[in-house]
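This report describes the fold of a protein chain. The sequence and the model are shown first.

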Amino acid sequence: MENKKWYKRFLLSHLSTLFVSGAVIIAIVFAVTYNNVVKETEKTNRTYADHVVDGMTTSLKNIELMLANQIVKNEAINDYFNGSAYEPSLINYKASSEIAKIRNNPLIHSIYFYRNKDQMVLTGGYAAKLEDFTDRQFVQEAQNKSQSVHWSPIRKYSEFSLIDPPERIISITKNSIGNEGIIVLNVKADLLLSMASKLRGGTKEFMDITDGQGSPIYSTRPAAPRAKPLTDLESDYIGWHYSSGTISTNLFAQAAIRSLMPLAIIILSLAAIIAYIMYVTRRNYQPIENIVRRVSSYQQGTKAANSDEFSIIEHAFDTMMVRMDLIDRQEAESVHVRRKQFFYELQEDEKTIPMQEWQEYARLFGLPEDKCGLVIAIMEIDKYVPLLRRDRQELLASKELLDKAAGKWRHSGAMVVGSEWISGDRLALLVQVHPDPEAKPRPSDAMMERLRKWAAGDLVFSVTIGIGSSADDWPDIKTSFREALAALQYKMTAGNNRIIVYQQIRDKENRVDSLYFKWLEDLIHHFRIPAPAWMDDFARIFDHLEERVLRNEEMQLLLNYLTHRFAREMEEISPEINEYWDTVTYPRMAEALKETGAMTEIRAIYESLIGELYDKYVTILESGSNTHIIYDVKKYIEDNYANSDLSLNHISERFGMNGKYASQLFKEEFGVKFVDFLIGLRVGQAQKLLRETDQSINEISRQVGYEHAISFGRIFKKMVGVSPGDYRRLMHPGRTQEGM
């Protein structure tokens, strides 16, 4: 402590912060002052520019207003354009006199009238034909242009070209009453622009004015490069652009002068603060030094040669925090592992948990050791696989939120004291219940109902909750766990997003009606015909299933049998409808059975899929295709080949189609003639009977559809190469001719 490292560093850290803060404050003060100077300069310049624009605009608007009043009210002007009872010379004289009156405004350079009917121009001093008038080009252009533009660009004009030199003017054109001509009023542009100099009043502002094409028409800007524009204005009325600025103004110097007083105050304040910091630091140094010495006394032998006081304190706190964190993590991990072990042992049916271990679990969950009052509830996420496939991250986030919320849930005499995921879609809850015989529903059931509603509203999934019975003794908790699992086995019947209490649903379990299979055959039959009555059969089957209380595996077996019967029937209809069944209908039905879970939802999906399949089947029938009929013919032949009357005529009568056409379709579809196919079936069955039975050839002949054994023998030899008797001897060399 002899070198006082801590004191020096502490003092240096405060002073450096103070110096930096002081520098920042000084910079801010100067920046604010400089910004104010710039704003004041810009404001002054903007005011000057506004005055110039407003002055010019107001002067021209007054002239335009005066001219409009004269056009409307002045009879002499109206008589000139529209005619009157007076002599033309007198009319011209009066109109010329009015021109002289209008020119009393010093800004007005000249004014003249142009009359359309005789193309006469009347000025303040003479009258002339348009073709002899010096400003005829402007008049002609004015006649062809719209008067939406108030003032013309600057141009040169002299009313008396032989006497007066041309002057820069701007002109405004107005139609007379009745549009019998136009009135052109010219304003002295240089006198108007001189307002910029008059309004400056000795200040350091300059003004640049350009016309609508960007050509300069007036400027007081000096040649010095520092003269930069600060304000840009546009006059829509005149069509001029105004750019003004300040000449040679050192804004930085002005800001520096204005900042002297506040900067002096800031510097004096910083000096006072430095003195105070040094005083307080010195006064408080002694007690802090004592604290550092006490800390270092506990770490003798571990302090490095160059360690200062802060290193000693930091090392002491680091050591303490590491030890505390290690203890907390070990305790948390131990509690978490033991809780997982509790729910794992509930799933072990064969293992018996000693009472001492149950008591340890009671202490783990903060429960009394003598009285139990516990219920197991298992929450199962509805439609878990589709949710996992659609958005895994969102599902995991909702699972985490459910775990946290459920672990702290309590309501009306029941509270969750432990929770654990026993599978990807199932969360087991240990619920402590305060017994209340009069409470209906049970406190645990009411709490689970509130938790179910919260999950459906706040999470991306809903849950179905199976609840076991209340456990009065610790070993009964296993029974409650098994009952909660068993309750979820009725989920297909109860539906998704439900509370399933095992004791309630157990007593309602029953069996499916034996007529179920007859209804299913009716459904298949009406589908095959086809007839819309299949929908009534479908409704009867699923109404019955929804009324029954069945376990999931029983319900799945019944639905699997339904799909199996449809699969068999589709194989016998036609390849086209069978392909649709294999690629569209069956995969979606299997997916619904695997992932949906609720019978009401499965019913809607099955009804939609079978309806689509039925529509597809009807479309094929109505399209005129005979493919399905040929398959029916083939099946009919396979079932009735023993009928000796089976022929193309028989097929024609049985299926309502031409025999030759049926034979042609049969050949195209199966690559073999009808007759050859029938003979192949009969001969094949005859071979089987010859090998496996001792029946006579006459009996076998009749069984395979031949009334006469001679015909049978001839056809058999043609197909097999030997007679029936020789075939039997070849297959059974030890047999005698007896029985043949």
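The sections below treat the chain as a whole, then its strands, cores, helices and loops.

## Basis of the description

The structure is a predicted model, in which local features need pLDDT of at least 70 and side-chain atom pairs count only at pLDDT 80 or more, while totals for chains, interfaces and linings use all residues. Residues are numbered from 1 along each chain as its sequence is written, and side-chain values use heavy atoms, with hydrogens and water left out.

## Overall composition

The chain contains 27 helices and 16 strands; these are DSSP runs numbered from the N terminus, with helices (H or I) of at least four residues and strands (E) of at least two. Of its 740 residues, 40% count as buried. Here buried means under 20% relative accessible area, exposed means over 50%, and partly exposed lies in between (1.4 Å probe, protein chains only).

The accessible surface of the chain is about 40,700 Å², of which carbon and sulfur atoms supply 53%; areas come from the Shrake-Rupley method with a 1.4 Å probe, and for residues only the protein chains shown count as cover. Among contacts with a separation of 6 or more, 65% are between residues 24 or more positions apart, a contact being heavy atoms within 4.5 Å.

## Strand E6 and its partners

Strand E6 (181-188) is largely enclosed by the rest of the structure, because seven of its eight residues are buried. E1 runs antiparallel to E6 and is joined to it by seven bridges; strands are said to pair if DSSP finds at least two bridges between them. Within this pairing, isoleucine 111 has leucine 185 of E6 as its bridge partner.

E5 also pairs with E6 in the antiparallel sense over seven bridges, and serine 171 is matched there with asparagine 186 of E6. E5 and E6 form a hairpin with five residues between them, and glycine 178 in the turn has a positive phi of about 85 degrees.

## Helix H4 against the strands

Helix H4 (residues 136-144) has Phe138, Val139 and Ala142 as its buried residues. They lie on the same side of H4, because they cover an arc of only 100 degrees around the axis, taken from the directions from the helix axis to the C-beta atoms. An α-helix has 3.6 residues a turn, so residues three or four places apart point the same way.

Gln137 and Asn144 are exposed on the other side of H4. The buried residues of H4 pack against strands E1 (108-115), E4 (155-157), E5 (167-175) and E6 (181-188).

## Nonpolar cores

The largest nonpolar core has 42 residues, of which Met56, Phe113, Leu185, Trp240 and Tyr242 touch the most other members. H1 gives the most to this core, with nine residues. Apart from it lies another core of 35 residues, including Tyr516, Phe527, Met570 and Leu609. A nonpolar core is a set of buried Ala, Val, Leu, Ile, Met, Phe, Trp, Tyr and Cys residues joined through side-chain atoms within 4.5 Å.

Leaving aside neighbours within four places in sequence, tryptophan 240 is in contact with residues that include Met56, Ile154, Ile170, Leu233 and Ser235. Aspartate 54 belongs to helix H1 (residues 5-73) and is partly exposed, at 46% relative accessibility. Its C-alpha is 9.1 Å from that of serine 235, although the two residues are 181 apart in sequence.

## The six-stranded sheet

An open sheet of six strands follows the order E12-E13-E14-E11-E15-E16, with mixed pairing. Strand E12 (410-411) and strand E16 (499-501) are its edges, each pairing on one side only. Seven bridges connect E11 (residues 374-381) and E14 (residues 426-433) in the antiparallel sense, and isoleucine 376 stands opposite leucine 430 in E14.

## Loops and further helices

Two residues other than glycine have a positive phi of about 55 degrees for lysine 383 and near 55 degrees for asparagine 497. Lysine 383 lies in the loop between E11 and helix H10 (384-390) and is partly exposed at 37% relative accessibility. Asparagine 497 occupies the loop between helix H14 (491-494) and E16; it is partly exposed, with a relative accessible area of 21%.

Serine 398 is in helix H11 (residues 392-407) and counts as buried at 8% relative accessibility. Beyond neighbours within four places in sequence, serine 398 is in contact with Leu459, Val460 and Phe461.
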